[in-house]
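User: I want to learn how to read strand pairing and burial from a model. Can you take me through a case?

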Amino acid sequence: MDKKKDCIIPKCGALEGLEPANVVVGAKQLKKAVAGGTARYVFLAENADPAVTGPLADLCRKHQIHITWIPTMQELGRSCGIEVGAAAAAVVR
């Protein structure tokens with residue numbers, strides 16, 4: 001999985017044990033993390049395409065993983081240390 005180096009997720013509060021190497025970014029990586037049982041917390045962008053975030057939200061609910069909605073893709077991407085918007089990100093074990 002691609003792991004980002006300079007992640008400051010989440011700004012909404014500190015998560016115990018959060019290290020930059022423990023964050024994956026992108027819908028495909030998030031789906032793998034959730035299905036593989038390694039996702040602890042999931043962040044989805046409110047303004048992302050519902051065709052992308054809807055199935056991810058359903059998958060998270062199925063696996064009982066808490067979802068935090070971030071207002072914009074730009075904010076989520078910036079929080080993950082990337083220069084483009086991101087629809088989804090996850091803190092992994």
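User: Which residue stands opposite Ala88 in β4?

Analyst: Leu44 does. Note that this is a predicted model. Leu44 lies in strand β2, residues 39-45. Strands β2 and β4 run antiparallel, joined by 5 bridges.

User: How many bridges pair β1 with β4, and in which sense?

Analyst: Strands count as paired when at least two bridges link them. Here β1, residues 23-25, and β4 have 3 bridges, in the antiparallel sense. One of the positions to look at is Val23, whose bridge partner in β4 is Val91.

User: How do I judge whether β4 is enclosed or open?

Analyst: Check relative accessible area; under 20% is buried. In β4, residues 88-92, 5 of the 5 residues are buried, so the strand is largely enclosed by the rest of the structure. Then check directions. Ala88, Ala90 and Val92 point one way, Ala89 and Val91 the other, and all are buried.

User: Now a helix. Which residues of α1 are buried, and which are exposed on the other side?

Analyst: For a helix, look at where the buried residues sit around the axis. In α1, residues 27-35, Gln29, Leu30, Ala33 and Val34 are buried. They span an arc of only 130° around the axis, which puts them on the same side of α1. Lys28, Lys31, Lys32 and Ala35 are exposed on the other side.

User: What covers the buried residues of α1?

Analyst: The cover includes β1, β2, β4 and α2, residues 50-62.

User: Which residue just after α1 takes a positive phi?

Analyst: Gly37, with a phi of about 80°.

Notes: Residues are numbered from 1 along each chain as its sequence is written. This is a predicted model: local features need pLDDT of at least 70, side-chain atom pairs count only at pLDDT 80 or more; totals for chains, interfaces and linings use all residues. Side-chain values use heavy atoms; hydrogens and water are left out. Buried means under 20% relative accessible area, exposed over 50%, partly exposed in between (1.4 Å probe, protein chains only). Helices (H or I, at least four residues) and strands (E, at least two) are DSSP runs, numbered from the N terminus. The arc is that of the directions from the helix axis to the C-beta atoms. Contact means heavy atoms within 4.5 Å.
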